[in-house]
Amino acid sequence: MESARQTDGLTSIRFFAAISVLFAHFGSAVSNASPRFVADFIQAGGGAVLYFFILSGFIVSHVYFDRDLSSWDGRKAYLGARFARIVPLYYFTLFLGILGLLHKGVAQYSTGHVIASVLAKLTFLHSFFPALVVDPSWVVATWTLSVEFAFYMLFPFCAQNVFRSEITSAWKQLVVALLLCSLIAPLLKYATEEQYGIRVFYLNAIAYPGFFFAGMVTERLRREYASKVERRWREFLVSGFLGILLVRMLNLPVGADHLLRTIVGCLFILGVFYIRGAPGRFLKSGILILLGEASYALYLLHGPINTAFEIILSRNGLPSVAESQGVFWIYVAVTMGISLLAFRFLETPLRVAILSRLSRKKTVKAATDSTS
């Protein structure tokens, strides 16, 4: 019987992925002063978002594998939980981003363009229509939320097909996911702004759902081969971890890079899921689990916090986060602290309040139906 806390190790891994993205965005001062292999490792951290996608597909599938998503009530409960999970803190981040954007100035953009940009962000459409976004840097990490939100909308409709499929079909679905990750991106790479003037659909937004799908199928296969995977968790963990290190050091074509990242990401997730011994105690320690739970806040807020640092530092004639190692480490500490506070006093209370309200509505509806 699987433990309800078996995903604790994966929760901790989310922190390392989030901090890796932060280093990739603003850690140039550290990477410039580091040996080349360390610098390459830091700057390749942006690829961690792909592991976020795979992990999201795996975790959501793990949670909802045995739940009914075929009925409207089941889908409504699922969508309500997803809304409570990602939307409140996302909108708070957008509010901070808008303040930063206004401080930088928007005079070079028309009023209609600014309004369209904000609406695209609010409706999670900005990755699909990037031409609407006036300045992609005003909230650096939210493009992934656009892709993730689209996946969450599609998940109930494809979950039953994946979860209830025969094992041979599951392997075929994994092949389809790998092809989606590795083939679509390089094909769409040629649809550049220089060739067509405007990219209506961003290639990443089209190609990246394959990573979520790979995570879904990985959970389906894990359940089929649970005892075998559990016995060999060390092999999965080591091969996945070494593969992640290898792919970061290789300069592969985008298709091969995506394919390899997907394979090693799935292997690593399987290894962490069953991790035991000293590595398991480390990953499932209270502090790492807490940091993992606050990783969503860290991922979203590190951009606006950097903007605040830029404003304060520039006014005082000090080097920016990206220019000074000392300033960068202060920024990291402040960002982690604010993320923990945001998780504890903003994200969690809002999520609980939304879920409680949805639960009360469901109870009232059930009582009304029973008396009608």
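**Figure 1. Phe-124 in the loop between helix 6 and helix 7 of the predicted model.** Phe-124 is buried, with a relative accessible area of 4%. The residue belongs to the loop that joins helix 6 (111-122) to helix 7. Its phi angle is near 65 degrees, a positive value in a residue other than glycine.

**Figure 2. Gly-112 and Leu-132.** Gly-112 lies in helix 6 and is partly exposed, its relative accessible area being 46%. Between Gly-112 and Leu-132 there are 9.7 Å in space, taken from C-alpha to C-alpha, although the two residues are 20 residues apart in sequence.

**Figure 3. Surroundings of Thr-144 in helix 7.** Helix 7 comprises residues 143-163, and Thr-144 is part of it. With a relative accessibility of 3%, Thr-144 counts as buried, because buried means under 20% relative accessible area. When residues up to four places away in sequence are not counted, Thr-144 touches Val-49, Phe-53 and Tyr-299. Val-49 and Phe-53 also appear in the next view, as members of the contact that helix 4 makes with helix 7.

**Figure 4. Packing of helix 4 against helix 7.** Two packed helices are described by the angle between their axes and the distance between the axes. Helix 4 (residues 48-64) packs against helix 7 at an angle of about 40 degrees, and the two axes are 10 Å apart. The two helices are therefore oblique to each other, and their crossing is right-handed. On the side of helix 4, the contact is made by Val-49, Phe-53, Ser-56, Gly-57, Val-60, Ser-61 and Tyr-64. Helix 7 contributes Trp-143, Thr-144, Val-147, Glu-148, Phe-151, Tyr-152, Phe-155 and Phe-163. Sorted by class, the residues of this contact are ten nonpolar, four polar and one charged.

**Figure 5. Packing of helix 5 against helix 7.** Helix 5 (residues 72-104) meets helix 7 at an angle of about 170 degrees, with the axes 10 Å apart. This angle makes helix 5 roughly antiparallel to helix 7. From helix 5, the residues Arg-75, Tyr-78, Leu-79, Arg-82, Ile-86, Val-87 and Tyr-90 take part. Their partners in helix 7 are Leu-145, Phe-149, Tyr-152, Met-153, Phe-155, Pro-156 and Phe-157. The contact of helix 5 with helix 7 consists of twelve nonpolar, no polar and two charged residues. Among the helix 7 residues listed here are Tyr-152 and Phe-155, which also belong to the contact with helix 4.

**Figure 6. Cys-181 and Cys-266, without a disulfide.** A disulfide is a covalent bond between the sulfur atoms of two cysteines. A search of the whole structure finds zero disulfides. The cysteine sulfur closest to that of Cys-181 belongs to Cys-266 and is 8.2 Å away, too far for a bond, because a disulfide requires sulfur atoms within 2.5 Å. Cys-266 is likewise in no disulfide, and the sulfur of Cys-181 is its nearest cysteine sulfur. Cys-181 is buried at a relative accessible area of 0%, and Cys-266 is buried at 10%.

**Figure 7. The protein as a setting for the close-up views.** The secondary structure comes to 18 helices and zero strands. Of the 372 residues in the protein, 48% are buried. Among contacts with a separation of 6 or more, 80% are between residues 24 or more positions apart.

Conventions. Residues are numbered from 1 along each chain as its sequence is written. This is a predicted model: local features need pLDDT of at least 70, side-chain atom pairs count only at pLDDT 80 or more; totals for chains, interfaces and linings use all residues. Side-chain values use heavy atoms; hydrogens and water are left out. Helices (H or I, at least four residues) and strands (E, at least two) are DSSP runs, numbered from the N terminus. Buried means under 20% relative accessible area, exposed over 50%, partly exposed in between (1.4 Å probe, protein chains only). Contact means heavy atoms within 4.5 Å. Axes are lines fitted to C-alpha atoms, for helices over the stretch in contact, and angles run from 0 to 180 degrees between N-to-C directions. Angles under 35 degrees count as roughly parallel, over 145 as roughly antiparallel, 65 to 115 as roughly perpendicular and the rest as oblique. A crossing is left-handed if the near helix is turned anticlockwise from the far one by less than a right angle, and right-handed if clockwise. Ala, Val, Leu, Ile, Met, Phe, Trp, Tyr, Cys and Pro count as nonpolar, Asp, Glu, Lys and Arg as charged, and the others, Gly among them, as polar.
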